[in-house]
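Reader: Got a minute to walk me through this one? I'd like to start with the charged pairs and then wander.

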Amino acid sequence: MKHILIFILLISSLKAQMPLEWLDENLTLSSVDGEWRADVSGLLDLEAYMPEDQALGLVETNDEVFFNPRLTLLLDLQMTSHWRAHVQMRTDRGFDPGFALDGQTRLDEYFVEWKPLESDVLNIRVGKFATAFGAWTQRRLSWDNPFVTAPAAYSDMLPITDKVAAPLAGFMDRRNAPENRQTWVRILWGPSYASGVSIFGRSQHFDYALEVKNAAVSSRPEAWDVAQNGWDSTTYTGRLGWRPAPEWSFGTSFSHGPYMLEESQPMLPAGRSYRDYDQTTFGVDASYAHGSWQLWGELMTSRFEVPNVGGVRVVSGFIEAKRKVGAMTWLAVRWNQSWFGDIPGTSREWDRDGWRLDLALGHRLSRNLQAKLQYSLAERTGRDQEGDHLLVAQVTLRF
């Protein structure tokens with residue numbers, strides 16, 4: 001109860017600091033002729049997770065109530081109509097809540113962008129930035145996400161390791177073990193801020209993106225920064241989108257590249273390299289918006305080449321709906337589902353099929369302050385080592 005009271009007091013103190021219009025004005029600079037512009041913006045998130053042991057998805061904690069403050073600072077530089085630079089810095093308790101209990105500060109994104117033409121049909125981006133795969137990454141920031149957490153395909157752990165190579169028997173037994181967030185991977189690790197080069201653009205009805213990066217979409221945050229890790233593994237990712245009408249959007253995505261880390265090399269079979277084990281992922285996405293309704297959906301399938309095992313496949317997807325209730329309040333529901341294929345040469349699935357239901361209530365207290373409350377319920381077939389319930393509250397201050 002003491003923790004909840006502290007959280008409520010923090011909400012009240014934020015509301016008392018309104019309005020913030022003066023801060024917005026003082027964080028923007030531009031030249032008289034408009035040739036360049038610098039804009040600093042940010043998000044302050046205060047989150048309280050109340051999980052059932054063991055916590056669902058991305059939360060790494062054994063606490064009954066886990067507090068996760070997060071400060072996100074965004075710097076955008078516009079130089080003429082052809083050049084743009086962007087930096088995103090975050091200070092929190094880990095890229096995923098609880099992965100750095102003592103706190104850390106990171107540069108999640110930094111890139112330079114060049115638009116050689118006057119139209120948006122061709123752009124070139126170099127740096128560290130979110131993946132082009134899927135459509136959820138476009139609304140990944142807390143202000144744009146109707147929920148607090150990411151969909152299951154972007155957050156749930158898979159019993160596949162990128163750091164070690166286990167024998168077949170050990171791999172078969174993993175589905176009965178609790179999630180190991182230090183060695184297991186996901187289909188997509190959130191927005192996957194790996195480093196590389198992207199060519200992208202859009203026309204009236206179509207958009208496209210093709211990128212070459214240094215790590216697979218399932219890779220963990222420690223592998224993303226090319227300045228720290230070098231160009232370890234080449235991954236190709238792309239998406240083609242179609243907008244037949246203002247209300248509708250459709251897309252198809254792919255990604256292919258090695259997912260194992262170099263530290264796994266001593267445990268691999270003789271004559272094999274960690275770069276020999278690929279992750280290949282395909283996906284489709286769709287969205288619809290009309291009036292007070294917004295709908296999103298994604299379905300993806302990913303195949304991992306696993307040492308000593310062979311190729312294993314997972315299919316995962318979600319359907320999400322958001323409905324505005326008045327001008328400042330919304331309700332959201334999301335159904336997540338995952339299906340797992342058989343281990344090669346056996347009739348045994350390599351993980352247990354599962355589903356998760358996410359329910360959220362959100363309210364904009366002002367143009368700069370919003371609050372969300374989310375409840376999640378999950379279940380797997382057979383033996384289930386993770387908790388089935390998660391309650392999380394989030395307050396976001398935007399400036």
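Author: Sure. Start with E109 and R140, whose side chains meet in a salt bridge, 3.3 Å from N to O. Bear in mind that this is a predicted model.

Reader: Where do E109 and R140 sit in the chain?

Author: E109 is in strand β5, while R140 is in the loop between β6 and α3. They are 31 residues apart, so the pair links distant parts of the chain.

Reader: And E109, buried or exposed?

Author: Buried, with a relative accessible area of 4%. R140 comes out as partly exposed, at 23% relative accessibility.

Reader: What does D156 pair with?

Author: D156 meets R356 in a salt bridge, again by side chains, at 3.3 Å N to O. D156 belongs to the loop between α3 and β7 (158–161) and R356 to strand β17 (residues 354–364), so this bridge ties together parts that are 200 residues apart in sequence.

Reader: How accessible are those two, D156 and R356?

Author: D156 has 18% relative accessibility, and because buried means under 20%, it counts as buried. R356 is buried too, with a relative accessible area of 5%.

Reader: What about D351, which residue does it bridge to?

Author: R380, with the closest N and O atoms 3.9 Å apart. D351 lies in the loop between β16 (329–340) and β17, and R380 in strand β18, 29 residues away along the chain. D351 is buried at 5% relative accessibility, and R380 is buried with a relative accessible area of 17%.

Reader: Which residues do shared salt-bridge partners join into a network?

Author: D45, E47, R70, R90, D92, R106 and D108 are joined into one network that way.

Reader: How many salt bridges in the structure?

Author: The structure holds 30.

Reader: OK, switching to rings. How many aromatic pairs?

Author: There are 14 aromatic pairs. One of them is W83 with W114, a stacked pair at 5.8 Å centre to centre, with 20° between the planes.

Reader: Why is that pair called stacked?

Author: Planes under 30 degrees apart count as stacked, so 20° qualifies. As for location, W83 is in strand β4 (residues 83–92) and W114 in strand β5 (residues 104–114), so the pair ties together parts 31 residues apart in sequence. W83 is partly exposed at 40% relative accessibility, and W114 is partly exposed at 36%.

Reader: How is the W136 and Y154 pair arranged?

Author: That pair is tilted, with 4.9 Å centre to centre and 45° between the planes. W136 lies in the loop between β6 (123–128) and α3 (152–155), and Y154 in helix α3, so the pair ties together parts that are 18 residues apart in sequence. Both W136 and Y154 are buried.

Reader: Which residues form an aromatic cluster?

Author: W242, W248, F250 and Y288 form one.

Reader: And where does R125 lie?

Author: Over the face of F111, at 4.1 Å from the ring centre. R186 has its charged end over the ring of W189, 4.0 Å from the centre of that ring.

Reader: Back to the surface. Which residues make up the nonpolar patch?

Author: L29, W36, V40, L75, L77, M79, W83, V112 and W114, with about 770 Å² of accessible area together. So W83 and W114, the stacked pair from before, are both in the patch.

Reader: Which strand supplies the largest share?

Author: β3, with three residues. At least two residues come from each of β2 (36–51), β3 (66–79) and β5. W36 is found in β2 and is partly exposed, at 41% relative accessibility.

Reader: Last topic, backbone. What is the phi of S192?

Author: Near 50°, a positive value in a residue other than glycine. Most residues other than glycine have a negative phi. S192 sits in the loop between β8 (184–185) and β9 (195–202), and S192 is buried at 2% relative accessibility.

Reader: And N308, what's the phi there?

Author: Near 70°, also positive. N308 is in the loop between β14 (293–306) and β15 (310–325) and counts as partly exposed, at 41% relative accessibility.

Conventions
Residues are numbered from 1 along each chain as its sequence is written. This is a predicted model: local features need pLDDT of at least 70, side-chain atom pairs count only at pLDDT 80 or more; totals for chains, interfaces and linings use all residues. Side-chain values use heavy atoms; hydrogens and water are left out. Rings of Phe, Tyr and Trp (its six-membered ring) pair if their centres lie within 6.5 Å; planes under 30 degrees apart count as stacked, over 60 as edge-to-face and the rest as tilted. Helices (H or I, at least four residues) and strands (E, at least two) are DSSP runs, numbered from the N terminus. Buried means under 20% relative accessible area, exposed over 50%, partly exposed in between (1.4 Å probe, protein chains only). A charge sits over a ring if NZ of Lys or CZ of Arg is within 6 Å of the ring centre and within 35 degrees of the ring normal. Patches are made of residues with over 30% relative accessible area and no salt bridge: like charges are joined within 9 Å, nonpolar side chains (Val, Leu, Ile, Met, Phe, Trp, Tyr) within 5 Å. Accessible areas come from the Shrake-Rupley method with a 1.4 Å probe; for residues, only the protein chains shown count as cover. A salt bridge is a side-chain nitrogen of Lys or Arg within 4 Å of a carboxyl oxygen of Asp or Glu.
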